[in-house]
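Work through the exercises below with the sequence and the 3D structure at hand. Try each task before reading its solution.

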Amino acid sequence: MKLTTLATLFAFSMTSLTATAQIATPQHLSDAHTMVRVNASQRFLLLPVEEKEENAHVDIVCNNQVVKGFNLRLAVDKVDYLVPLDLSKFDKNLLLDITFHGDRHKTGSVKDFSCWKEMKLSSTFDTTNRERFRPAYHHTPAWGWMNDPNGMFYKDGVWHLYYQFNPYGSQWENMTWGHSTSTDLVHWQMQDEAIAPDALGSIFSGSAVVDKQNTAGFGKDAIIAMYTSAGQHQTQSIAYSTDNGKTFTKYAGNPVITYAAPDFRDPKVIWHEGVQKWIVVLAVGQEVQFYSSKNLKDWTYESSFGKEYGNHDGVWECPDLLKMDNNKWVLLLNINPGGPFGGSATQYFTGKFDGHKFVCDSKPSMTKWMDYGKDHYATVTFSNAPDGRLVALAWMSNWQYANQVPTKQFRSANSVPRDLKLFEDAGETYLASVPSPEMLKVRGKQLKKPSSTCEIVIDMKGSSSIELKNAKGEKVVMKYDESARTFKMDRKESGDCSFSEQFAAETVAPTLGSIRQLRIFIDKCSVEAFDSEGKMVMTNLVFPSEPYNQLKVKGGKAKIYEIK
């Protein structure tokens with residue numbers, strides 16, 4: 001999913017960096033407290049970040065009132081990158097009230113910090129890509145940190161992707177809903193931030209629906225977002241949009257659901273035709289809870305599921321509830337830790353849901369994984385997708401090392417879009433993930449050798465091996481064993497693995513049948529392998545020092561296509 005990072009396509013119109021004015025002289029009140037007066041004569045205040053530092057807390061004060069607060073790793077010794085504070089959202093005269101944490105004696109006097117020299121006003125903010133590992137056809141934020149996809153919906157020809165976003169650094173913090181839009185699920189345009197933290201807390205994950213019948217009273221076809229307010233406790237809130245998801249107004253009666261549990265989050269809302277009610281499924285520790293509502297404001301507890309089912313090696317997060325063919329249902333459930341190869345992953349359950357209770361059709365001890373790579377998490381689907389499609393996106397990373405991967409301007413990407421369907425194997429029902437048909441539309445001319453952005457299609461002749469390699473000897477090795485019905489991917493020599501001892505790994509998947517054709521999507525920092533029928537999927541990040549441009553296949557015939 002190609003996110004164009006050139007600002008000519010952005011709603012922000014950021015095309016170049018023209019910092020022309022410094023801030024007023026900072027007033028250092030102690031080793032832990034500084035105030036900076038800013039005259040908002042230009043659009044942006046550029047804030048210098050140094051990732052090894054601890055977070056400082058910044059309050060924006062206008063007319064003696066705190067109007068915004070966030071955490072920021074202000075640069076002490078050197079500047080890793082700059083992030084923008086959009087001053088157009090505030091009064092012209094404002095005060096930055098900055099509190100530092102930790103032992104400042106180790107870093108010298110606060111007045112000598114490098115941030116004061118580099119903090120400047122600017123009319124623009126440069127979003128031109130400066131990262132060699134930024135994907136070419138996967139969605140990424142233009143800058144900052146991204147994790148879970150949130151609030152995804154389709155309306156009037158546009159796919160809307162919201163996501164957990166830190167606008168003030170490329171590590172997890174300041175959870176806000178970022179927003180991108182697409183008309184083809186591949187090329188994405190970054191929009192303004194959609195839902196920002198408030199008195200109830202940071203904005204954690206959630207979902208969005210099109211209220212076609214005006215059940216909530218905010219207008220026909222209003223977009224209703226439901227999200228977790230992460231304050232002293234995690235509670236559930238709603239916000240509504242009457243401009244197709246561009247801006248949201250928070251409901252004055254928030255929170256709309258509360259529960260006495262430390263982990264109570266990530267609401268996914270669907271409409272259930274059978275009971276003519278909205279249903280929300282919430283992750284609660286190591287189970288899920290179902291609630292129903294007629295108006296998206298007043299919710300009634302229905303049931304719980306999961307205490308004896310599936311994997312319980314970590315906290316359950318980011319559920320989704322999918323109605324499939326033949327009245328079958330799928331409950332997606334992400335877990336961290338507990339993945340099959342460490343860290344985070346997506347498990348799922350198949351069964352029935354009558355609007356009140358989910359009944360699983362597998363044994364409690366059985367765990368089904370949606371993807372057997374290390375970098376597939378927080379998977380959810382778009383609501384209101386056309387033609388009844390179930391289109392999923394995952395966060396393409398792992399909590400074991402997501403904050404440490406070797407990028408700076410941004411961190412994290414989404415997977416390629418996948419259409420979901422069911423299949424049977426040995427009496428069990430499984431979920432297949434097939435690359436969405438939009439990925440065929442961006443398939444270009446045939447190539448003679450792999451590139452940093454391509455698709456490899458291999459017609460398999462039984463057991464086979466595939467090796468992707470570059471001139472530095474860095475490689476990814478894949479092996480399919482037809483008799484054992486397994487597929488393996490080894491990235492231990494794929495490139496830079498130094499940032500985490502948990503990164504180098506071999507991942508193994510059951511194929512649940514024979515693989516006749518394999519589709520491999522290669523981007524600047526990822527390899528995604530699909531059985532063409534979707535019965536086996538494996539997503540892994542890689543960080544080679546140069547692109548893999550050599551392909552060796554034994555037991556199959558390969559074709560290589562550019563992705564345009």
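The exercises cover confidence, two sheets, loops, pockets and cavities.

The model is predicted, so local features need pLDDT of at least 70 and side-chain atom pairs count only at pLDDT 80 or more, while totals for chains, interfaces and linings use all residues. Residues are numbered from 1 along each chain as its sequence is written, and side-chain values use heavy atoms, with hydrogens and water left out.

**Exercise 1. Confidence**

State the average pLDDT of the chain and find where pLDDT stays under 50.

Solution. Start with the term: pLDDT is the predictor's confidence in each residue, from 0 to 100. The chain average is 95, and 95% of the residues score at least 70. Next, look at residues 1-19, where pLDDT stays under 50. For this stretch the model has 80 contacts beyond four places in sequence, a contact being heavy atoms within 4.5 Å.

**Exercise 2. The sheet that contains β18**

Give the strand order of the sheet that contains β18, and explain why β18 and β21 stand at the edges.

Solution. Strands are DSSP runs (E, at least two residues), as helices are (H or I, at least four), and both are numbered from the N terminus. Two strands pair if DSSP finds at least two bridges between them. Strands of a sheet pair through backbone hydrogen bonds, either parallel or antiparallel.

Step one is the order: this open sheet of four strands runs β18-β19-β20-β21, with antiparallel pairing. Step two is the edges: β18 (264-272) and β21 (300-305) each have a single partner strand, so one side of each is left without a neighbour in the sheet. Step three is the twist, which averages 25 degrees from one strand to the next; axes are lines fitted to C-alpha atoms (for helices over the stretch in contact), with angles from 0 to 180 degrees between N-to-C directions.

Step four takes one pair. Strand β20, residues 287-293, is antiparallel to β21, with five bridges between them. Valine 288 lies opposite phenylalanine 305 in β21.

**Exercise 3. The sheet that contains β14**

Which strands are the edges of the sheet that contains β14?

Solution. The order in this open sheet of four strands is β14-β15-β16-β17, and the pairing is antiparallel. Its edge strands are β14 and β17, each of which pairs on one side only. Between β14 and β15 (residues 222-230) there are eight bridges in the antiparallel sense. One of the partners can be named: aspartate 211 is bridged to alanine 222 in β15.

**Exercise 4. Loops**

Locate proline 255, proline 337 and asparagine 327, and describe the backbone at each.

Solution. Take the prolines one by one.

- Proline 255 is in the loop between β17 (249-250) and β18. Its bond with asparagine 254 is a cis peptide bond, with omega about -5 degrees.
- Proline 337 is in the loop between β23 (329-336) and β24 (345-353). The peptide bond from asparagine 336 to proline 337 is cis, and omega is near -10 degrees.

Then turn to asparagine 327, in the loop between β22 and β23. Its phi is near 60 degrees, a positive value in a residue other than glycine.

**Exercise 5. Pockets and cavities**

Describe the largest pocket, the second largest pocket and the largest cavity by volume and lining.

Solution. On a 1 Å grid over the protein atoms alone, a cavity is a set of points where a 1.4 Å probe fits but cannot get out; a pocket is an open set with protein on both sides within 12 Å along at least five of seven lines, and lining residues have an atom within 4 Å of a point. Grid points are joined across faces, edges and corners, and a volume is the space filled by probe spheres set on the points.

The largest pocket holds about 1000 Å³. Of its 38 lining residues, Ile270, Trp271, Lys323, Asn384 and Leu390 lie nearest the centre. The largest share of this lining, five residues, comes from β18.

The second largest pocket has a volume of about 620 Å³. It is lined by 35 residues, with Lys68, Lys89, Asp192, Glu193 and Ala196 nearest its centre. Strand β6 (65-72) gives the most to this lining, four residues.

Last, the whole structure has five cavities of 30 Å³ or more, and the largest cavity holds about 90 Å³. Its lining includes Pro135, Arg411 and Phe543.
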